[in-house]
Amino acid sequence: MISRELIAASTRPLVMAVLARGENYGYAIIQQVRELSGGELEWSEGMLYPVLHRLEQEKVILSRWAKAENGRKRKYYRLSASGARAQQSEKEQWLTVHQTLASLWGIQTCST
Amino acid sequence: MFDLENAIRDWQQALSETGTVSTDDLLELDEHLREIVAELKAKGCTPFEAFAVAKLRLGDAHDLAAEFGKVNRVRLWRQLLLWMVIGYVGGNVLMSVSTATASLTAMLLFVGGLSGPSVGVAATVAGAILWTTAVTWLYRYPARGWRPTVDNISALRMVGLAIAIPIANAIGMASRMMIAQIMDSTTYGNFVWHQAIGHVVYSNVTIVAWVVVALLLRRDHLAPRAMV
């Protein structure tokens, strides 16, 4: 299990990375993260929305309401142009941390 | 028998009463909750089980409200402002109604044949009883009762609350005019004098009473922490 602090810190880049793959909505974003992490990343699901709304206020992501296939209203989010750039910077930061830890722990990485 | 729609409504109400979760936020959370419920029902859970787990997965209502509050700062502020307005209007209503009650009591007692300082004392006591009742009622107001938020506050309710002020003022005024009409000048002079003393005592006691209320609230606030 991942610690609460790490989950809180990684929510933002994870959300941005999921949205970089295309427009999506809350429940499906969580499903994707859960699947890709093999169930290791367990979010308190409602907490995703304040994160999404903060990203929206920062204009990193955009949103629109649309009618879902089940007939109910659903809010879809997508990465903005500035969001795509922010996502690149997030990626570099996380990779730097990852590579530093990997070198210290003596794990070979092929990302160079 | 478990009613899913009822349970969802209660859950939504609890969230909306926190005041930090907007109508749009609620709509989004509701959609999410229903997705989880559908997912779990497809796996063979009963509606009750599905709802219980969905609620758990979404997170504690108070934690959620706190997180939403960090994003919805403007909303949170407006919510606080609304409480201040309600407090101001409500305080004025109480003030007008208690003055009217005191004047009306004095008038009725005098018409009933009573005179001297006892009329002034009785009037002050009537006002004090009204305040005590109002404060006790507010203090014991059920947590599940109606709580105004920027979404559910209606113009009708606010006007209904505010309209009590001119009505009470009119009753108080009419009572005082009546007293002035029926009392002879010496008795009226004494009455005004008794009332003035009563008012000074009263306004000082009221402040002490509010401090006591604040201390009581503080004790309530500290109690759950002490238990941890």
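## Surface and make-up of chain A

Accessible areas here come from the Shrake-Rupley method with a 1.4 Å probe. On that footing, chain A of this predicted model exposes about 6,800 Å², and carbon and sulfur atoms supply 55% of that area. Buried residues account for 38% of the 112 residues in chain A.

As for the fold, chain A has four helices and three strands. Read from the N terminus, its elements go α-β-α-α-β-β-α. Take the contacts in chain A between residues at least 6 apart in sequence: 46% of them link residues at least 24 apart.

## Chain B, all helix

Chain B is built from nine helices and zero strands, so its element string is simply α-α-α-α-α-α-α-α-α from the N terminus on. Among its 228 residues, 32% count as buried.

The accessible surface of chain B comes to about 13,800 Å², with 70% of it belonging to carbon and sulfur atoms. Using the contacts in chain B between residues at least 6 apart in sequence, 74% join residues at least 24 apart.

## The largest pocket

Now for the open spaces. The largest pocket holds about 1,200 Å³ of space. Its lining counts 28 residues, and the ones closest to the centre are Trp83(B), Ile86(B), Trp137(B), Leu138(B) and Tyr141(B).

Which elements of chain B each supply at least two residues of this lining? They are α5 (73-111), α6 (117-139), α7 (155-162) and α9 (185-227). Helix α5(B) gives the most, with seven residues. Sorted by class, the lining of the largest pocket has 21 nonpolar, four polar and three charged residues.

## The second largest pocket

The second largest pocket comes in at about 620 Å³. It has 21 lining residues, and Ser10(A), Pro13(A), Leu14(A), Ala17(A) and Trp94(A) lie nearest its centre. Two or more lining residues come from each of α1 (4-20), α2 (26-36) and α4 (81-104) of chain A.

Helix α4(A) provides the largest share of this lining, eight residues. The class split for the second largest pocket is 13 nonpolar, five polar and three charged residues.

## A cavity lined by both chains

There is one cavity of 30 Å³ or more in the structure, and the largest cavity contains about 40 Å³ of space. Chain A contributes Tyr25(A), Gly26(A), Tyr49(A), Arg74(A) and Lys75(A) to the lining, while chain B brings Glu28(B), Glu31(B) and His32(B). The elements giving two or more residues to that lining are β3 of chain A and α2 (23-42) of chain B.

Helix α2(B) supplies the largest share here, three residues. By class, the lining of the largest cavity divides into two nonpolar, two polar and four charged residues.

## Arg74(A) up close

One of the residues lining that cavity is Arg74(A), which sits in strand β3 (residues 73-79) of chain A. Is Arg74(A) buried or exposed? It counts as buried, because its relative accessibility is 3% and the cut-off for buried is under 20%.

What does the side chain of Arg74(A) pair with in a polar contact? The partner is the side chain of Glu69(A), at 3.5 Å. Setting aside neighbours within four places in sequence, Arg74(A) is in contact with Tyr25(A), Arg64(A), Trp65(A), Ala66(A), Ala68(A) and Glu69(A), and also with Glu31(B) and Glu35(B) from chain B. Of these contacts, Tyr25(A) and Glu31(B) turn up again in the cavity lining.

## A backbone oddity at Lys59(A)

Lys59(A) is worth a quick look at the backbone level. It is not a glycine, yet its phi is positive, at about 65 degrees. For context, most residues other than glycine have a negative phi.

Where does Lys59(A) lie? It is in the loop between α3 (48-57) and β2 (61-67) of chain A. Lys59(A) counts as exposed because its relative accessibility is 56%, and the cut-off for exposed is over 50%.

How values were computed. Residues are numbered from 1 along each chain as its sequence is written. Chains are lettered from A and ligands numbered from 1 in the order in which they are written. This is a predicted model: local features need pLDDT of at least 70, side-chain atom pairs count only at pLDDT 80 or more; totals for chains, interfaces and linings use all residues. Side-chain values use heavy atoms; hydrogens and water are left out. Buried means under 20% relative accessible area, exposed over 50%, partly exposed in between (1.4 Å probe, protein chains only). A polar contact is a pair of N or O atoms within 3.5 Å; within protein, one must be able to donate a hydrogen and the other to accept it, and residues adjacent in sequence count only if both atoms are side-chain atoms. Contact means heavy atoms within 4.5 Å. On a 1 Å grid over the protein atoms alone, a cavity is a set of points where a 1.4 Å probe fits but cannot get out, and a pocket is an open set with protein on both sides within 12 Å along at least five of seven lines; lining residues have an atom within 4 Å of a point. Grid points are joined across faces, edges and corners, and a volume is the space filled by probe spheres set on the points. Ala, Val, Leu, Ile, Met, Phe, Trp, Tyr, Cys and Pro count as nonpolar, Asp, Glu, Lys and Arg as charged, and the others, Gly among them, as polar.
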